[in-house]
Amino acid sequence: MPKTTDLNVTLPSDTEIRMTRSFNAPRRLVWDAYTKPELMQQWMTGPSGWVLKVIGGDVRVGARYRLEWSRPGDGAVMGAGGVYLEVREPERLSCTERFDDPWYPGEAINSYDLVEAAGRTTLHQHFRYESKAARDMALSSHMDEGMAESYRRLDGILASILAADAARPSA
Amino acid sequence: MNAAQLDSTFAALADPTRRAILARLALGETTVMDLARPFDMSQPAISKHLKVLERAGLVSRGRDAQRRPVKLEAEPLKEANGWLESYRAFWEARFDRLDALLTRLQSDRPAEPPPAPKKSRKKT
């Protein structure tokens, strides 16, 4: 199967994060992966050593969902949840998101648009925060987890600028 | 890097001309005149972009009063890249797991049988 397209991350304004990614699957399956607890548990996992439990499955406007990452052994738990705001199966899902122990202030509004063409699905994932400070905290929150990965994945214009700069003998 | 600094770095990078200027400067320092040449832009227009880049700490200007060569400052770029890149890497890892899940779901539960070929096979 061909590799799916790379993830594109943009910051359309001070309070938003937008991501686009394509998958080799019809959107009904992507929808299921985003809404069925037994499927969500398989990929929305946290750092290694943590176990995710999803409470939900009742996907309609006003219904609640909840995600709980726990670390067996020391009883550490991180929880997040919210309410569905918009449910148009299988093309658009929107919900609030708030962490129990908030690493960003306030509530985020997350929305997911699924566009299918020729059996492939393009996902547009959009997060809106209450303030720029909250957005920036969300952005920086994955610094540690993402770091190891990120060194392998440097690409695009920034990486090439840095590479060219590094290769240049310093004056 | 503080949030305000990071913000000005992202704002400076939002413009394609400014990214092109940085890519050019990665090859070595140069004068504003030389910098303007490939861009089909006036020197004042380029100078305006350079001011944005300078405020963001992405370029610096030499002391030489006449040439004032422009030089790339890579450090803020590295930090901004690290922040957004880490976030991207976190989600890429997640989406890779989603990819694997979607592949499993499709092999467990084959979709509709492939459509029958339109032309009937040659009879033997």
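The following exercises, each with a worked solution, concern a predicted model.

**Exercise 1. The make-up of chain A**

Task: State how many helices and strands chain A has, and in which order they occur.

Solution. Begin with the counts: chain A contains five helices and eight strands. Next, follow the sequence, along which these elements form the pattern β-β-α-α-β-β-β-β-β-β-α-α-α. Turn then to burial: 42% of the 171 residues of chain A count as buried. Finally, consider contacts in chain A between residues at least 6 apart in sequence; of these, 38% join residues at least 24 apart.

**Exercise 2. The crossing of two helices in chain B**

Task: Determine how helices α2(B) and α4(B) are oriented to each other, and which residues meet where they are in contact.

Solution. First, locate the helices: α2 of chain B comprises residues 16-25, and α4 of chain B comprises residues 43-55. Their axes come within 10 Å and cross at roughly 80°. Angles of 65 to 115 degrees count as roughly perpendicular. The two helices, α2(B) and α4(B), are therefore roughly perpendicular to each other.

Second, identify the residues. From α2(B), the participants are T17(B), R18(B), I21(B) and L22(B); from α4(B), they are I46(B), H49(B), L50(B), V52(B) and L53(B). Sorted by class, this contact of α2(B) with α4(B) has six nonpolar, two polar and one charged residues.

**Exercise 3. The two sides of α4(B)**

Task: Check the span of α4(B), and establish which of its residues are buried and which are exposed on the other side.

Solution. Start with the span. With 1.5 Å a residue, the 13 residues of α4(B) should span 18 Å, and the end C-alpha atoms are 18 Å apart, which agrees.

Next, list the buried residues of α4(B): I46(B), H49(B), L50(B) and L53(B). Because they cover an arc of only 105° around the axis, they lie on the same side of α4(B). The spacing can be understood from a general rule: an α-helix has 3.6 residues a turn, so residues three or four places apart point the same way.

On the other side of α4(B), the exposed residues are P44(B), K48(B), K51(B) and R55(B). After the helix comes G57(B), with a positive phi near 75°.

**Exercise 4. The surroundings of M41(B)**

Task: Describe where M41(B) lies, how accessible it is and which residues it touches.

Solution. M41(B) belongs to the loop between α3 (32-36) and α4 of chain B. Its relative accessibility is 30%, so M41(B) counts as partly exposed. Leaving aside residues up to four places away in sequence, M41(B) touches T17(B), A36(B), I46(B) and H49(B). Of these, T17(B) is 24 residues from M41(B) in sequence, while the C-alpha atoms of the two are 9.9 Å apart in space.

**Exercise 5. Backbone exceptions**

Task: Find where D40(B), A118(A) and P90(A) lie, and describe the backbone feature at each.

Solution. Recall first that most residues other than glycine have a negative phi, and most peptide bonds are trans.

D40(B), although not a glycine, has a positive phi of about 55°. D40(B) lies in the loop between α3 and α4 of chain B and, at 76% relative accessibility, counts as exposed.

A118(A) also has a positive phi, near 50°. This residue lies in the loop between β7 (108-117) and β8 (120-128) of chain A; with 86% relative accessibility, A118(A) counts as exposed.

Finally, P90(A) lies in the loop between β5 (76-88) and β6 (92-99) of chain A. The peptide bond from E89(A) to P90(A) is cis, and its omega is near -5°.

Definitions and conventions. Residues are numbered from 1 along each chain as its sequence is written. Chains are lettered from A and ligands numbered from 1 in the order in which they are written. This is a predicted model: local features need pLDDT of at least 70, side-chain atom pairs count only at pLDDT 80 or more; totals for chains, interfaces and linings use all residues. Side-chain values use heavy atoms; hydrogens and water are left out. Axes are lines fitted to C-alpha atoms, for helices over the stretch in contact, and angles run from 0 to 180 degrees between N-to-C directions. Helices (H or I, at least four residues) and strands (E, at least two) are DSSP runs, numbered from the N terminus. Angles under 35 degrees count as roughly parallel, over 145 as roughly antiparallel, 65 to 115 as roughly perpendicular and the rest as oblique. Contact means heavy atoms within 4.5 Å. Ala, Val, Leu, Ile, Met, Phe, Trp, Tyr, Cys and Pro count as nonpolar, Asp, Glu, Lys and Arg as charged, and the others, Gly among them, as polar. The expected span of a helix is 1.5 Å times one less than its number of residues. Buried means under 20% relative accessible area, exposed over 50%, partly exposed in between (1.4 Å probe, protein chains only). The arc is that of the directions from the helix axis to the C-beta atoms.
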